[in-house]
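Please load the model in your viewer and keep the selection panel at hand. The stops below go from a sheet to a cavity, then to two pockets, and end with salt bridges.

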Amino acid sequence: MKMFKFYILTILMLTTHVVFSQVEFKTVVSKNKLGVNQRFRIEFTVNKQGADNFKPPSFANFKIVGGPSSSVNQSWINGKASYTQAYIYIIQPKKIGEFTLAPATIEYNDKIIKSNPVKITVTKKVEVPKDPNNPEYVAQQSIHLVAEVSNLKPYVGEGIYVVYKLYVSENINLYGSQVTETPQYKGFWNQDINVKQVNFKNGTYNGENYRYVILKKAVLIPQRSGNLVIEPIEMDFSVGIPTGRGDFFGNMITRNISYSTKSALKKVKVKALPEAGKPIDFSGAVGEFDFKVVANKNVLKANEAAQITVEVSGKGNLKLFEIPKITTPAELEVYTPEHNEKVVTGLNGLRGSISDAYTVVPQFKGKYKIPEITFSYFSTKEKKYNTIKVDAIIVDVTEGKELPSANNNNTLTEKKYVVANDNNFRFIALNTTFKSVIDTEFLNTTLFYLLLLLPFLAIPIGIIIGNKRAKRAGDVFGNKIRKADKLARKYLSAAKKQLGNQEAFYIALEKALHNFLKAKLHIETSDISKEKISEILKNKSVEVKTINEFIEVLNDCDFARYTPTTNVMMKQEFEKAKSVIAKIDKYL
């Protein structure tokens with residue numbers, strides 16, 4: 001009996017060991033110590049089929065430059081089956097230090113299984129070996145991000161431009177790219193210039209033949225003197241590096257790698273505007289300008305409006321200073337000016353005109369003088385201040401009331417106003433308004449009969465409206481279409497507001513798609529893979545074509561967010577998302 005119990009206990013222990021040892025989920029890295037400019041490969045592997053809902057760690061202090069990708073390996077050797085599924089990432093540290101990568105999690109048989117944590121030591125930058133067969137070295141020598149600045153020593157308020165170019169050697173293949181860090185322009189007023197076509201052209205870099213493309217253009221106007229910095233643009237690339245070997249057909253075999261690089265930091269030494277000779281009325285205008293003050297009428301009648309336009313035109317920081325204001329006599333009524341800007345932004349800076357249009361209305365007959373106006377600016381060509389003076393404008397009012405306080409010499413005295421009260425006599429009224437003592441009777445008038453017939457007209461109108469509402473309520477298919485369209489507009493409203501702003505638009509569009517699924521499926525879809533989303537929608541009997549359209553929009557959001565695009569493409573993507581939301585809503 002004792003031996004029987006011993007056998008039972010032994011079998012239970014062995015069975016328990018087999019059950020708990022059959023699932024193994026582990027983290028493996030290609031290196032535990034590396035430089036801050038290097039990358040490493042991290043794999044999360046599980047040895048049991050049926051494990052699902054994989055969730056990676058947060059990768060704090062690291063950035064993902066490749067992946068996630070997955071691989072499955074199955075084999076049958078000597079009657080023993082083996083299975084391995086791996087989730088692979090390529091990551092790069094953001095700073096120096098010792099870090100611990102938290103475990104990933106996966107679900108198997110309704111249980112959460114964690115992988116092992118891994119310690120990573122990050123040191124300062126290391127030199128990449130100059131090995132012509134090293135793919136990292138080849139990519140470093142073949143891809144260059146360049147920032148070209150028109151002027152590194154401008155004055156405060158003087159416009160300069162920066163152009164970001166990507167040079168790619170002719171002997172490598174570029175499969176994809178994304179911007180990971182956009183440049184900052186602290187201390188500058190800046191405005192991007194639209195890059196209409198992102199096409200590669202032939203050119204040279206350091207005397208060698210390269211292909212290049214213009215990624216970004218911006219106009220910068222420094223707002224303060226001193227040393228300012230134009231920060232670099234940083235990008236990740238998927239690159240095909242030739243191995244030097246050919247396949248059976250003689251085609252070159254390439255090795256695909258992920259590579260990251262950035263442009264050089266640019267230092268701009270901004271010069272302060274000289275104090276010597278600075279005019280009193282100088283308001284910060286820097287460039288080359290013309291100035292004029294024009295009245296559309298110089299001769300008019302009392303209470304007739306005239307327009308006086310004050311305009312600054314030319315090239316410079318047109319949006320960053322105030323236009324001089326006119327001064328008018330008290331007898332001219334002046335309204336708040338209408339401000340107009342006709343400014344074009346190009347690589348040569350801001351060019352065009354800005355103006356204030358004043359509406360002036362005289363009250364009395366006479367001649368009125370609008371004093372001369374001056375406008376001062378700093379000329380970047382002449383390196384000095386210039387002042388433009390515009391002559392006074394005379395407004396001649398030929399008809400109208402005489403000024404109450406005018407003498408023979410036509411010199412004006414201070415106007416006085418009479419205040420009436422109970423203790424003095426009032427002026428004799430020259431004009432009066434009479435009102436009939438007998439009021440008009442309402443009976444038998446046109447309005448009387450219209451109001452009498454109104455209830456009889458309202459009854460057929462109400463019947464017609466009621467029939468239309470009933471017909472619309474019975475239109476089940478049409479109501480579904482209208483409801484789906486309304487739902488799509490609701491979720492995509494935030495994305496529509498960001499049309500024209502590339503990165504913000506695609507972030508909002510992707511969020512809208514996930515929020516739609518979250519509301520319909522009552523699950524958090526932003527944390528699961530696109531494959532899992534497809535599976536869930538299939539279970540809801542959604543057509544495969546519609547599911548593919550939905551996943552295609554999600555993929556476009558991931559890719560287009562970091563790839564140059566146009567407003568037309570963004571509008572097309574918006575309409576595609578609107579259509580697919582309406583289609584899926586019919587099934588959910």
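In what order do the 3 strands of the open sheet lie, and what is their pairing? In this predicted model, the order is E22-E30-E27, and the pairing is mixed. Select strand E22 (299-301) and strand E27 (366-370), which are the edge strands, each of them pairing on one side only. If you follow the sheet from one strand to the next, the twist averages 30 degrees.

Now add strand E30, residues 393-399, to the selection and look at how E27 and E30 run: they are antiparallel, and 5 bridges join them. To pick out one pair of bridge partners, label Tyr368, whose partner in E30 is Val395.

**The cavity**

Keep Val395 selected, since Val395 also belongs to the lining of the largest cavity. By the rule applied here, the count comes to 1 cavity of 30 Å³ or more, and the largest cavity has a volume of about 30 Å³. Extend the selection to Ala295, Lys297, Ala306, Ile308 and Val360, which line the largest cavity together with Val395. By class, this lining divides into 5 nonpolar residues, no polar residues and 1 charged residue.

**The largest pocket**

Which residues should be selected to find the centre of the largest pocket? Choose Gly67, Pro68, Ser69, Tyr89 and Lys530, which lie nearest the centre among the 49 residues of the lining. The volume of the largest pocket is about 1,900 Å³.

To see the surroundings as elements, colour the strands E4 (52-55), E5 (62-77), E6 (80-93), E13 (173-181) and E18 (234-246), and then the helices H5 (502-521), H6 (530-539) and H7 (544-560), since each of these elements gives two or more residues to the lining of the largest pocket. Strand E5 deserves a colour of its own, as the largest share of the lining, 8 residues, comes from E5. Coloured by class instead, the lining of the largest pocket shows 19 nonpolar, 15 polar and 15 charged residues.

**The second largest pocket**

Move next to the second largest pocket, in which about 1,200 Å³ of space lies. Centre the view on Asn37, Arg39, Gln92, Glu136 and Ser260, the closest to the centre of this pocket among the 36 residues that line it. The elements to display here are strand E3 (40-46), E6, helix H2 (135-142), strand E11 (143-149), E13 and strand E19 (252-262), each of which gives two or more residues to the lining of the second largest pocket. Strand E19 supplies the largest share of this lining, with 8 residues. When the residues of the lining are sorted by class, they divide into 12 nonpolar, 12 polar and 12 charged.

**Salt bridges**

Side chains of opposite charge can pair when their charged atoms come close. In this model, the count comes to 13 salt bridges by the rule used, and a few of them are worth selecting in turn.

Begin with Glu234 and Lys63, which form a salt bridge whose closest N and O atoms are 2.8 Å apart. This pair links distant parts of the chain, because Glu234 is in strand E18 and Lys63 in strand E5, 171 residues apart. Are these two residues buried or exposed? Glu234 counts as buried at 17% relative accessibility, and Lys63, with a relative accessible area of 19%, is buried as well.

Next, display Lys583 and Glu549, whose side chains meet in a salt bridge with an N to O distance of 3.2 Å. Lys583 lies in helix H8 (residues 567-585) and Glu549 in helix H7, so the pair ties together parts that are 34 residues apart in sequence. Lys583 is partly exposed, its relative accessible area being 30%.

Stay on helix H8 and select Lys576 and Glu573, a salt bridge in which the closest N and O atoms are 3.9 Å apart. Since the two residues are 3 residues apart in helix H8, they are separated by about one helical turn. Glu573 counts as buried at 9% relative accessibility, whereas Lys576 is partly exposed at 32%.

For the last stop, add Glu552 and Asp556 to the selection of Glu573 and Lys576, and the network of salt bridges that links these residues is in view.

Definitions and conventions
Residues numbered from 1 in each chain as written. Predicted model: local features only at pLDDT ≥ 70, side-chain atom pairs only at ≥ 80, totals over all residues. Heavy atoms only, no water. Pairing = 2+ DSSP bridges. Helix = DSSP H or I, 4+ residues; strand = E, 2+ residues; numbered from the N terminus. Axes fitted to C-alpha atoms, helices over the stretch in contact; angles between N-to-C directions. 1 Å grid on protein atoms, 1.4 Å probe; cavity = no way out; pocket = protein on both sides within 12 Å on 5 of 7 lines; lining within 4 Å. Points joined across faces, edges and corners; volume = space filled by probe spheres on them. Nonpolar A, V, L, I, M, F, W, Y, C, P; charged D, E, K, R; others polar. Salt bridge = Lys/Arg side-chain N within 4 Å of Asp/Glu carboxyl O. Buried < 20%, exposed > 50% of the residue type's maximum accessible area, 1.4 Å probe, protein only.
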